[in-house]
Amino acid sequence: RTATVWKSLNPFWGEEITLLLPRGFHSLTIYVLDEDTIGQDDVIGKVSLSHQQISAEPRGVDRWLSLAPVNPDQEVQGEIHLELGVLEQGHPRVLRCHLIEARDLAPRDPSGSSDPFGRVSCCGHTLETAVIKKTRFPRWDEVLEFELPEGELGEAVLSVEVWDWDIVGKNDFLGRVEFFLDTLCLGPTRGWFQLLPFSSTTEDHGGQLGALRLAVRLLEDTVLPHHHYQPLVQLLTEPILCPAQSPEGTALAVLEEVTSGESRQDVANKLVKIFSDQGLVVPLLDYLTTRELARTTDPNTLFRSNSLASKSMEQFMKVVGLPYLHEVLKPVVNRIFEEKKYVELDPSKMELSRGRRISFKGSLLEAQVQESSLELLKGYLGDIIDAIVGSVDKCPLPMRLAFKQLRRRVEERFPLAQHEEVRYFSISGFLFLRFFAPAVLTPKLFRLREQHAEPCTGRTLLLLAK
């Protein structure tokens with residue numbers, strides 16, 4: 001669940017969610033809801049992607065998708081474990097239906113659970129299992145039997161449905177599966193079967209419900225025992241532990257050359273984890289930044305691209321410095337959220353009836369709004385800068401070591417007096433542009449706040465980050 005974006009028809013979440021799914025999952029569905037303070041939240045629409053759709057695009061799905069309406073009879077998931085067969089002995093023939101269990105059923109109760117029971121229909125007759133309370137993984141282990149009519153069965157169908165029992169109101173549909181009887185007469189059938197919805201007559205709403213921008217990527221990892229990775233770790237750490245080797249021929253150098261812009265963030269994340277585990281993350285950053293410095297001729301462009309060095313430093317700061325970031329920024333960010341002051345410097349975006357609201361003389365002038373906004377921004381920004389400057393002793397030691405090393409390397413690469421400030425820009429480029437400023441801009445993504453900012457507060461944060 002993302003945080004709620006209040007009072008908006010064009011919400012921006014920017015949240016990344018990781019789901020651990022079974023390899024055999026059938027579909028992924030994202031619902032968009034309208035949060036209500038009182039009563040149940042309203043469902044606006046949904047986007048569904050099948051396993052095949054996601055896996056067919058190795059680089060992932062990344063586009064706008066129209067929201068589809070939500071029909072309760074179509075909202076099914078999970079599987080049912082059945083054993084079906086026709087008893088040959090005796091007359092008339094008997095169809096034996098063993099409902100063993102079900103798994104991963106859709107939640108239908110406010111508690112996030114369901115009260116499932118099975119309903120089996122065949123040749124005009126219907127039987128039901130007992131209700132299993134408060135579970136999405138019921139185990140019935142019940143056998144239901146039907147007498148089959150004489151003669152050809154034709155198009156006769158066995159229907160197995162799962163329902164959620166409700167003490168008040170009608171029961172909720174959880175899914176169904178159907179079998180032709182003439183097929184069951186050929187031999188017993190046993191296995192897990194995907195629950196399906198009722199046949200849909202829903203028409204395409206052509207985007208009338210809105211659209212959702214998604215970036216979805218499916219990663220299927222096979223994790224081997226730890227010792228299998230030792231040769232790889234040894235190969236990657238070799239240029240750090242044995243720096244005498246030619247830098248161009250190392251695995252890290254080759255990896256840096258072949259890594260594309262799309263995968264650079266993933267590679268940086270993995271490298272920081274591997275080298276942190278080996279206690280070598282600061283030497284890794286020194287190695288990567290030194291290589292980038294060697295390629296840089298204009299100091300004004302230093303570390304401005306999304307290189308492997310920049311991405312690795314960014315990931316390192318997030319891993320090592322998140323508690324530090326919270327300690328420094330949280331008091332000021334919380335105050336900005338609580339005060340909800342109106343701040344605007346752009347005349348084309350000003351709402352002159354806001355600011356201090358309407359005075360006795362009418363709406364405020366642009367100059368007055370600008371002046372009050374500037375004072376507020378200076379106050380907030382002053383508190384943020386004071387908090388950062390006063391936090392030297394709280395800055396994690398690995399970050400301080402990494403930046404000390406970075407400054408030394410920059411001084412070696414650009415020793416002239418005219419480049420004296422580059423040693424500071426190189427550090428502030430990481431510390432402010434890639435660490436403090438993004439956290440001020442979107443506190444939710446750095447876990448500084450539980451909720452996204454309302455539009456008014458979001459504009460204040462944007463101006464502060466700039």
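Visitor: Why is Arg 408 called partly exposed?

Guide: In this predicted model, Arg 408 has a relative accessible area of 39%. Buried means under 20% and exposed means over 50%, with partly exposed in between, so Arg 408 is placed in the middle class.

Visitor: What makes Arg 408 and Glu 412 a salt bridge?

Guide: Their side chains meet with N and O 3.2 Å apart. The criterion asks for a side-chain nitrogen of Lys or Arg within 4 Å of a carboxyl oxygen of Asp or Glu, and the pair therefore qualifies. The two residues are four apart in helix α9 (residues 397–413), which means that about one helical turn separates them. Glu 412 is partly exposed, its relative accessible area being 47%.

Visitor: Which residues are joined into one network by salt bridges that share partners?

Guide: The network consists of Glu 256, Glu 257, Arg 291 and Arg 295. Within it, Arg 291 forms a salt bridge with Glu 256, and the closest N and O atoms are 2.7 Å apart. Arg 291 lies in helix α6 (residues 281–295) and Glu 256 in helix α4 (residues 251–258), so the pair ties together parts that are 35 residues apart in sequence.

Visitor: How do you know whether Arg 291 is buried or exposed?

Guide: The relative accessibility of Arg 291 is 11%. Because buried means under 20%, Arg 291 counts as buried. Glu 256, at 9%, counts as buried as well.

Visitor: What joins strand β4 to strand β5?

Guide: Nine bridges join β4 (residues 79–87) to β5 (residues 94–103), and the two strands run antiparallel. One bridge pairs Ile 80 with Ala 102 in β5. A salt bridge also links Arg 103 and Glu 79, with the closest N and O atoms 2.8 Å apart. Arg 103 lies in β5 and Glu 79 in β4, so this pair connects parts 24 residues apart in sequence.

Visitor: Why are β8 and β11 called edge strands?

Guide: The open sheet has four strands in the order β8-β5-β4-β11, with antiparallel pairing. Strands β8 (139–147) and β11 (189–194) each pair on one side only. The twist averages 20° from one strand to the next.

Visitor: Which residues make the nonpolar surface patch?

Guide: Leu 381, Ile 385, Val 389, Phe 432 and Leu 433 make this patch of about 430 Å². Helix α8 gives three residues, the largest share.

Visitor: What makes Leu 381 accessible enough for the patch?

Guide: Leu 381 has 38% relative accessibility and counts as partly exposed. Patch residues need over 30% relative accessible area, so Leu 381 passes that cut-off.

How values were computed:
Residues numbered from 1 in each chain as written. Predicted model: local features only at pLDDT ≥ 70, side-chain atom pairs only at ≥ 80, totals over all residues. Heavy atoms only, no water. Pairing = 2+ DSSP bridges. Axes fitted to C-alpha atoms, helices over the stretch in contact; angles between N-to-C directions. Patch = residues over 30% accessible without salt bridge, like charges linked within 9 Å, V, L, I, M, F, W, Y side chains within 5 Å. Areas by Shrake-Rupley, 256 points an atom, 1.4 Å probe, with all protein chains shown as cover. Buried < 20%, exposed > 50% of the residue type's maximum accessible area, 1.4 Å probe, protein only.
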